[in-house]
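Please open the model in your viewer and keep the sequence panel beside it. We will select a few places in turn and look at what is there.

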Amino acid sequence: MEKTIVKMAVVGAGTMGAAIAACGARAGLDVVLMVRGKGEESGRVRAAKAVETILKKGEMKGTDSRRIKASLVGADMEKDAAMLRDCDLVIEAVAETLSIKRSTMEFIFSNCAEHTIVGTNTSNISIADIAENFPAQWQERFMGIHFFNPVRFMDLVELIPHTLTKESNVKLVKALINYRYGKS
């Protein structure tokens, strides 16, 4: 049986992260939306609020919001890191700052399974710069997966393999984007 992506996580629940996660749930994937807690508010609560904001806009046309809510779980980076172990794909969608992206990538790779493909939704930081000091086994599973804003409307997703990214991983993500997300 050919490998497919069944479960994914998005780390970062801002405008892009929440929308990528909601669209993944709409596409029928099991999705974890992971974010750091802030003050008294847990990451789980922050993730749930981010998804509610996306759904309240009413812009997910043709979407059953109950299905999205049922398929999408909010998670806290500090308390729920082990949830990344079950994911076939993790997409980072944090602030466009190289140091933040690198530290988030270290967190992801340190907590996900050895088969997990890891992507960044960066729009202006070089994939090579983010992966500069990654071990080769991380670089083989790393790539840019840049969704365009607003995610729910834009059909284009840019896939940017690292020089060491395995072609089989690129093909898996491309199939997910084309056939499950319905984007090109």
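Is Cys-23 buried or exposed? Select Cys-23 to begin: its relative accessible area is 2%, and Cys-23 is therefore buried, where buried means under 20% relative accessible area, exposed over 50% and partly exposed in between, with a 1.4 Å probe and protein chains only. Before going on, note that this is a predicted model, in which local features need pLDDT of at least 70 and side-chain atom pairs count only at pLDDT 80 or more, while totals for chains, interfaces and linings use all residues. Residues are numbered from 1 along each chain as its sequence is written, and side-chain values use heavy atoms, with hydrogens and water left out.

**The cysteines**

If a disulfide is a pair of cysteine sulfur atoms within 2.5 Å, the structure has zero disulfides. Cys-23 is in no disulfide, and the nearest cysteine sulfur, which belongs to Cys-87, is 17 Å away. Select Cys-112 next: this residue is in no disulfide either, the nearest cysteine sulfur being that of Cys-87 at 8.6 Å, and Cys-112 is buried with a relative accessible area of 5%.

**The sheet**

Now switch to a cartoon view, in which helices (H or I, at least four residues) and strands (E, at least two) are DSSP runs numbered from the N terminus. Seven strands make an open sheet of mixed pairing, in the order β3-β2-β1-β4-β5-β6-β7, where two strands pair if DSSP finds at least two bridges between them. At the edges are β3 (72–76) and β7 (157–161), each of which pairs on one side only.

Select strand β4, residues 89–92, which is covered on both faces: Leu-89 and Ile-91 on one side are buried, and so are Val-90 and Glu-92 on the other. Strand β1 (residues 7–11) runs parallel to β4 and is joined to β4 by four bridges, with Met-8 standing opposite Leu-89. Strand β5 (residues 117–120) also pairs with β4 in the parallel sense over four bridges, and there the bridge partner of Leu-89 is Ile-117.

Farther along the sheet, select strand β2 (residues 30–35), which pairs with β3 in the parallel sense over five bridges; Leu-33 stands opposite Gly-74 in β3.

**A loop residue**

Select Asn-121, which is found in the loop between β5 and α5 (127–130). Asn-121 counts as buried, at 5% relative accessibility. Show its contacts, meaning heavy atoms within 4.5 Å: leaving aside neighbours within four places in sequence, Asn-121 touches residues including Met-16, Ile-91, Glu-92 and His-146.

**The aromatic rings**

A pair of aromatic rings is described by the distance of the centres and the angle of the planes. Rings of Phe, Tyr and Trp (its six-membered ring) pair if their centres lie within 6.5 Å, and planes under 30 degrees apart count as stacked, over 60 as edge-to-face and the rest as tilted. The whole structure holds five aromatic pairs. Select Phe-109 and Phe-134, an edge-to-face pair at 5.5 Å centre to centre with 65 degrees between the planes. Phe-109 lies in helix α4 and Phe-134 in the loop between α5 and α6 (136–139), so their pair ties together parts that are 25 residues apart in sequence. Add Trp-138, whose ring centre is 5.5 Å from that of Phe-134, with the planes at 70 degrees, so this pair is edge-to-face. Finally add Phe-142, and you have a cluster in which ring pairs link Phe-109, Phe-134, Trp-138 and Phe-142.
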